Amino acid sequence: MRVAAGYPGTPSTEVLETLASMDGVYTEWSPNEKVALDVAIGAAYAGRRSLAVMKHVGLNVAADSLFYVCMTGMQAGLVIIVADDPGLHSSQGEQDSRRYCKFARLPCLEPSDSQEAKSMVGLAFDLSERFDTPVMVRSGTRISHSFGLVEMGARVCCEDDDDADPFVRNPQKYVMVPGVARRRHPIMEERMEAITAFADALGVNRIERRSSALGVVTHGIAYQYVREVLPEASILRLGMSYPVAAERVRSLAADVDRLLVVEELDPVIEEEIRLLGVACEGKSLFPISGELSPQSVREGCVKAGLVPAQADGMVAEAAASAALPMRPPALCPGCPHRGVYYAIHQLDLAVNGDSGCYALGFMPPLSAVHSIGCMGAGVGQAHGVAAAAIGERSVAVIGDSTFFHSGMPALLNAVYNRQAVTVVVLDNRTTAMTGHQENPGSGSTLMGETTVEADIGDIARALGVRHVETVDPYDLRVVESALRDAVGRDEASVVVARRACALSPEARASRLPLAVDAGMCVACGQCLQLGCPALCSNASVLASNGRETTRIDALLCSGCGMCAQVCPVDAIRPGGEDSQ
Amino acid sequence: MSYLEACTGSAKAQVDVRFCLVGVGGQGVLLAADIVAHVGVALGLDVKKAEVHGMSQRGGSVVSHVRWGTRVYSPLIEKGTASYLVGFERLEGLRHLAMLAEDGRLIMSNHRIVPVTVTCGGGAYPGEEIERRLFRAAGAEPLWVPSVSTARALGMARAHNMVLLGALAACAGGVEAPWEAEIAQPVPIGSLEHNLAAFRAGWAHLSGRGEGAE
């Protein structure tokens, strides 16, 4: 494999990070998933095996490209690794990427463990070249973010550049104008029929014969849960979950008294089995939403009368009665976004937000984000709010990586169509949410090369924005006055709040925790309005007004000083206990 | 089953040790879980680990499952089956008590991190009476570990995760060697001594409390 491109997104990010450490593979972070897939497609057109990597919602962004490459095929293998997020650990929705396979016409492989996550990529390239089709390898949180033993094979490197063929000029295959595309469509349908027939010969579609009373068709990580909960069941593990191996399904169904389908998210396999005229039970027993787990598979099996019901322990009951407070994720101590959200909160602005850590600004006490849809949506939404002319100024808040991903066209649109939109770019110079991946503003590439550092202010000016101001989000007064100025204008404006992520190595190196002088603290609660996890009221110290005073957890405090700026009595000073 | 038994050929057929490590994003729970997983590999066992990355790591509740076994299928463990539940933070330990098996061991840090929800008036941080009630319901007797103060006394409060790892290792039984070797892998050389000292302090704190200890 020669070229791999993607955009970071949980739980897909580590694929490219791992590949980047290997010689002989070109890897890149593209600004968005569509560009990444086009890059991979171009390399495959050029005769090199290539890979595109993204999360499920990233595939929505890349969908247009997915559909044309299913029509054209390639000159060399093309594999698309898509990592779904059932249970929404870090996404705006839990969609089942297998649906795209039927829609766009491509096969889907699904590993059940770490070993297969490796070996199935090889199989995917073989299938891709055998049938001239892109192949999806679908992962999910419990495949991507699990750890297991993997046996490595010998590495096969790409052939030398000298042997490369020139770019193939074949407009009847690669130029998707109506006349050509019309002829490609039946070719694509025939290809899917051939792959469907081949599915019955594919070793990864494995039948494990055990009990004749019960058969289970399953896939991916769900296979492991089934093995755990129903150790005696016969199993058809579909390593290729689309198209479904029809004869293997019929063969298992004929051998067992009862057939279950255990699959995560949508009833994709179940629907295909029903289309074959084979009776089965699936989503009537197992949940369609949320992540599967050994627990939920067991509960489905209890419903099916296959395993005994578990007595719900006293713990669950006791825990429910104790009403333990929730601990949702929060903006980190020292997060530069906090300064912007605090100012927004003070000014009571309506805000269309976007995807990233900064989505957490919607939570109390900041409550400073009022809509979040998907990557890049906020700027367009704010534009629409302006066009709706309801008399309230809307502000879009977007991160630097999201701005490069899909915020730029929306900002250009606002300028072009003369809407007075204020866009605040939270520029922390990295893709923070997914663990600090490089982006066009970082000045370096995934492969560690120094490159052009895109300046967001310059880009905004080039798009036609006349009022651009860059501020340090740690300076609360400056942020507030910049915002007040920007929203007061009758044209598009941009405020770039620029400071490195609090988790970046340079920010962590200069950590000097603060402390509250309990004698001075008047317990007014001002600092708590910042929603910083390092700040909490201290029940053991009561101030003169009878309220609790505030304490700073020195282990969490980054020393950003925002709380010291809002403290009316200057009770917050350097000198926290842990400077390590 | 202690890992010493796990390593002897005769007992290997029945090895099934399930760890559940819980805490707050940023506490080093995932690093500790990583080390537990690698120790299992070093012992020649089948190992699987499950965790989540991304948004949930930003100061939220973090859970990591590690399994050692002869043959491990699911990386996720079911509630009521954890051989060891380690709470890196009190409230998080309580939240996940249902994971603990009837004969499981509960290792609890006495450290509290008040969630922002409580600071904003959304409920109260549970007091010791609620804790006792929950422990009773779970039939669990917590082995308390002063993880943060121990690590702080050693000069690196942030290494409190290693104190808990040491406590866990002492309970799981056996010797320090494979653990220390696996700690040395991911931990930067500059802070390795602090981390090892923290690990040993945690070990000493619970030494003799585990099934496999002499």
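**Two chains and a shared sheet**

Let me begin in chain B, where helix α8(B) passes helix α9(B) in a right-handed crossing. I should say at once that this is a predicted model, and I would ask you to keep that in mind throughout. The contact between these two helices is made by W179(B), E180(B), I183(B) and A184(B) on the α8(B) side, and by L192(B), N195(B), L196(B) and F199(B) on the α9(B) side. Sorted by class, that contact has six nonpolar residues, one polar and one charged. As for the geometry, α8(B) covers residues 177–184 and α9(B) covers residues 189–206, and the two pack at an angle of about 150° with their axes 10 Å apart. With angles over 145 degrees counted as roughly antiparallel, that angle makes α8(B) roughly antiparallel to α9(B).

Staying with chain B for a moment, let me turn to its sheet, which brings in the other chain as well. Which strands form it, and in what order? It is an open sheet of seven strands, running β7(A)-β2(B)-β3(B)-β1(B)-β4(B)-β5(B)-β6(B), with mixed pairing. The edge strands are β7 of chain A and β6 of chain B, residues 142–145, each of which pairs on one side only. Helix α7(B), residues 160–172, packs on this sheet and touches β4(B), β5(B) and β6(B), and its direction makes about 145° with that of β5(B).

If we look at the pairings one at a time, β7(A) is joined by two bridges to β2(B), residues 46–50, and these strands run antiparallel; here S146(A) stands opposite A50(B). On to the next pair, β2(B) and β3(B), the latter being residues 61–69, pair in the antiparallel sense over five bridges, and within that pairing K49(B) stands opposite V66(B).

That leads naturally to the contact between the chains as a whole, where 52 residues of chain A are in contact with 55 residues of chain B. On the chain A side, the elements that give two or more residues are α6(A), β7(A), α9(A), α12(A), α13(A) and β19(A), and of these α13(A) gives the most, with six residues. By class, the residues on this side of chain A divide into 29 nonpolar, 16 polar and seven charged.

Let me now move to chain A itself, which is divided into domain 1 (3–199), domain 2 (205–303), domain 3 (337–506) and domain 4 (511–574). How far apart do the C-alpha centres of domain 1 and domain 4 of chain A lie? The distance between those centres is 51 Å.

Chain A also has an open sheet of seven strands, in the order β2-β1-β3-β4-β6-β5-β11, again with mixed pairing. At its edges stand β2(A), residues 26–29, and β11(A), residues 240–242, each with a single partner strand, so one side of each is left without a neighbour in the sheet. The partner of β2(A) is β1(A), residues 3–6, and the two pair in the parallel sense over four bridges, with W29(A) as the bridge partner of G6(A).

Finally, two helices lie across strands of this chain. Helix α3(A), residues 56–72, lies across β3(A) and β4(A), running at about 140° to β3(A), while helix α5(A), residues 114–131, lies across β4(A), β5(A) and β6(A), running at about 160° to β6(A).

Terms used:
Residues are numbered from 1 along each chain as its sequence is written. Chains are lettered from A and ligands numbered from 1 in the order in which they are written. This is a predicted model: local features need pLDDT of at least 70, side-chain atom pairs count only at pLDDT 80 or more; totals for chains, interfaces and linings use all residues. Two residues are in contact if their C-beta atoms, placed from the backbone, lie within 7 Å. Ala, Val, Leu, Ile, Met, Phe, Trp, Tyr, Cys and Pro count as nonpolar, Asp, Glu, Lys and Arg as charged, and the others, Gly among them, as polar. Two strands pair if DSSP finds at least two bridges between them. Axes are lines fitted to C-alpha atoms, for helices over the stretch in contact, and angles run from 0 to 180 degrees between N-to-C directions. Angles under 35 degrees count as roughly parallel, over 145 as roughly antiparallel, 65 to 115 as roughly perpendicular and the rest as oblique. A crossing is left-handed if the near helix is turned anticlockwise from the far one by less than a right angle, and right-handed if clockwise. Domain bounds come from an automatic or database domain assignment.
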